[in-house]
Structure formats: C-alpha cells, structure tokens
Amino acid sequence: MPRILVIDDDPAISELVAVNLEMAGYDVSQAEDGIKGQALALQLQPDLIMLDLMLPRVDGFTVCQRLRRDERTAEIPVLMLTALSQTQDKVEGFNAGADDYLTKPFEVEEMLARVRALLRRTDRIPQAAKHSEILNYGPLTLVPERFEAIWFGETVKLTHLEFELLHCLLQRHGQTVSPSEILREVWGYDPDDDIETIRVHIRHLRTKLEPDPRHPRYIKTVYGAGYCLELPSVPPSTEGVSTSAVE
C-alpha cells in the first residue's frame with residue numbers, strides 16, 4: 001500500500017485529503033507544520049508527499065528545498081498543495097523541487113488523478129526503460145537506468161521529470177509537440193491549459209543542455225504550438241555542454 005505524507009496546517013483540508021486518499025487505498029500520515037513534516041518525511045520515507053506552501057514554522061518552499069538536498073528524500077515525488085495561484089508562486093514551487101502543483105480549491109478526482117500520475121514514477125523506472133523506443137540521436141543518448149543524458153560526450157544528470165520530458169521530445173525529434181501532448185505523456189493527466197509547469201521544466205533542461213539557455217539552439221519554442229527538439233544527426237566534435245550544467 002503506497003504511503004502518502006500530507007503536510008498542511010489547515011485541519012479541514014488535511015482531513016479531507018487524508019480521508020479521500022485512504023478511501024482510494026493509500027496509507028496516509030499527516031503533519032501540521034514544516035518542521036514536523038520534514039521530520040516525518042525522513043522517518044517514514046513515503047512514496048509521495050503532498051506539501052502546502054503556507055505552513056507555520058517553516059514554509060513549504062523551504063521544506064521542499066531541504067527534502068531535495070537530502071539524499072534520503074531527494075527522489076520522493078512532491079505535489080504542492082496551496083491556495084496560491086499566481087504564476088510566480090508556481091515557478092518558485094517548481095524551482096524548489098516540486099513535481100506537480102494543485103491549487104485550492106480542487107476537485108477530489110483531480111487530486112487523485114495527480115497522485116496516481118506521480119506514483120507511477122515511484123518505481124524509479126522511467127517510461128523509456130519500459131518500451132523499445134528511441135534513446136539516442138546525434139549528440140544525445142538517454143540512459144534510463146541512471147536518469148542521465150550523454151550530451152556531446154558529457155554526462156548530464158537529470159531529474160525524473162526532466163528525463164521524461166526530454167524522452168518525450170526525442171521520440172518526436174524534429175516535430176512540434178503540443179503542451180497538451182506533453183502533459184498527457186509526461187505528467188499523466190489531461191491538459192488543463194496551465195503550461196507554466198512545462199515552461200519551468202523546459203527552462204531547467206535548457207540550463208543543463210544549451211550552450212546559451214537564453215538563445216536555445218536545440219530545444220526550441222514554437223510559439224502558439226509547443227516545443228521541438230532539433231539535433232544534428234552527427235554531433236560536432238568540438239561542441240559540448242557548459243561545464244556548469246553538468247552535475
């Protein structure tokens with residue numbers, strides 16, 4: 001039974017979330033502030049963390065950053081759960097390490113769909129490892145077992161979501177992939193017109209792979225349509241990724 005940790009200081013919301021998760025077959029633990037939440041995350045090693053941003057003692061942004069820096073919790077999926085809905089709040093949440101973002105008020109079915117989508121990745125096996133699909137083209141080779149990319153001969157460590165996003169674009173190399181298609185394949189739920197989630201992770205990928213992230217050469221934005229990965233069929237021997245982007 002997957003274990004989910006809910007960190008939220010609103011008793012009514014926390015209990016509503018916990019009851020519906022338990023009815024759906026999950027083992028649920030709860031914490032009402034950031035310090036207790038971080039301690040429980042380290043103690044329980046849950047399969048998923050639902051984390052409110054506006055928490056007493058330590059806010060959710062800080063908790064998420066701390067969890068990502070600790071190797072014991074770095075790979076646990078985090079679903080931000082908050083009343084904040086401004087674009088900048090979402091960007092900060094993703095930059096702190098969140099995998100997905102759910103704004104209050106929300107429908108229970110939507111919450112459960114997001115939870116199921118995130119838990120599909122808790123087996124640590126990316127979709128690329130489950131199918132016989134394209135894993136290399138020109139200067140790019142994906143290594144599913146380690147969530148890495150070999151990029152112009154250099155090894156680049158990727159997060160699970162970055163790996164899945166890059167794999168999604170690689171499968172359609174040279175084609176424009178719409179935001180709705182990316183959301184369905186990478187995040188596992190139907191489009192909701194909120195493409196900020198994709199923008200943030202595209203920006204992270206560009207930081208790791210593009211020589212000049214502000215003027216991308218390989219991961220291109222097709223305005224009004226989506227994103228396109230364009231790579232040379234034969235990697236130039238003299239070109240590589242910025243050393244600051246390689247982990």
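**Exercise 1. Threonine 82 and its sheet**

Task: In this predicted model, determine which residue of strand 5 is the bridge partner of threonine 82, and describe the sheet in which strand 5 takes part.

Solution. Step 1: The bridge partner of threonine 82 is threonine 103, a residue of strand 5.

Step 2: Strand 4, residues 78–82, pairs with strand 5 through 4 bridges, and the sense of this pairing is parallel.

Step 3: The pair belongs to an open sheet of 5 strands with parallel pairing, in the order 2-1-3-4-5. Strand 2 (27–31) and strand 5 (100–103) are the edge strands; each has a single partner strand, so one side of each lacks a neighbour in the sheet. From one strand to the next, the twist averages 20 degrees.

Step 4: Helix 1, residues 11–23, packs on this sheet and touches strand 1 (3–7), strand 2, strand 3 (48–51) and strand 4. The direction of helix 1 makes about 170 degrees with that of strand 2.

**Exercise 2. The antiparallel sheet**

Task: State the order of the strands in the open sheet with antiparallel pairing, and establish which strands stand at its edges.

Solution. Step 1: The order is 6-7-8-9, in an open sheet of 4 strands.

Step 2: The edges are held by strand 6 (136–137) and strand 9 (154–157); because each has a single partner strand, one side of each is left without a neighbour in the sheet.

Step 3: At one edge, strand 6 and strand 7 (residues 140–143) run antiparallel and are joined by 2 bridges. Here asparagine 136 stands opposite threonine 141 of strand 7.

Step 4: Strand 8 and strand 9 pair over 4 bridges, likewise in the antiparallel sense. In this pair, tryptophan 151 has glutamate 154 of strand 9 as its bridge partner.

Step 5: Helix 7 lies across strand 6, strand 7 and strand 8 (148–151), and runs at about 130 degrees to strand 7.

**Exercise 3. Two residues with positive phi**

Task: For arginine 57, decide whether the residue is buried or exposed; then decide whether phenylalanine 152 is buried or exposed.

Solution. Step 1: Arginine 57 is located in the loop between strand 3 and helix 3. Its phi is positive, about 75 degrees, although arginine 57 is not a glycine.

Step 2: A residue counts as exposed over 50% relative accessible area. Arginine 57 has 58%, and is therefore exposed.

Step 3: Phenylalanine 152 is located in the loop between strand 8 and strand 9. These two strands form a hairpin with 2 residues between them, and phenylalanine 152 in the turn has a positive phi of about 50 degrees.

Step 4: A residue counts as buried under 20% relative accessible area. Phenylalanine 152 has 11%, and is therefore buried.

**Exercise 4. A cis peptide bond**

Task: Identify which residues are joined by a cis peptide bond, and locate proline 105 in the chain.

Solution. Step 1: The cis bond joins lysine 104 and proline 105, with omega about -10 degrees.

Step 2: Proline 105 lies in the loop between strand 5 and helix 5 (108–119).

**Exercise 5. The two largest pockets**

Task: Describe the lining of the largest pocket and that of the second largest pocket.

Solution. Step 1: The largest pocket holds about 500 Å³ of space. Its lining comprises 25 residues, and those nearest the centre are Arg68, Ala74, Gly97, Thr159 and His160.

Step 2: Two or more residues of this lining come from each of helix 3 (60–69), helix 4 (87–96), helix 7 (160–171) and helix 9 (196–209). By class, the lining of the largest pocket has 8 nonpolar, 7 polar and 10 charged residues.

Step 3: For the second largest pocket, the volume is about 270 Å³. Among its 16 lining residues, Arg199, Arg206, Thr221, Tyr223 and Tyr227 lie nearest the centre.

Step 4: Helix 9, strand 10 (219–222) and strand 11 (226–229) are the elements that give two or more residues to this second lining. Helix 9 gives the most, with 4 residues.

Step 5: The lining of the second largest pocket divides into 9 nonpolar, 3 polar and 4 charged residues.

**Exercise 6. The chain as a whole**

Task: State how many helices and strands the chain contains, and what percentage of its residues count as buried.

Solution. Step 1: The chain contains 9 helices and 11 strands.

Step 2: Of its 247 residues, 49% count as buried.

Step 3: Among contacts between residues at least 6 apart in sequence, 59% join residues at least 24 apart.

Key: Residues numbered from 1 in each chain as written. Predicted model: local features only at pLDDT ≥ 70, side-chain atom pairs only at ≥ 80, totals over all residues. Heavy atoms only, no water. Pairing = 2+ DSSP bridges. Axes fitted to C-alpha atoms, helices over the stretch in contact; angles between N-to-C directions. Contact = heavy atoms within 4.5 Å. 1 Å grid on protein atoms, 1.4 Å probe; cavity = no way out; pocket = protein on both sides within 12 Å on 5 of 7 lines; lining within 4 Å. Points joined across faces, edges and corners; volume = space filled by probe spheres on them. Nonpolar A, V, L, I, M, F, W, Y, C, P; charged D, E, K, R; others polar. Buried < 20%, exposed > 50% of the residue type's maximum accessible area, 1.4 Å probe, protein only.
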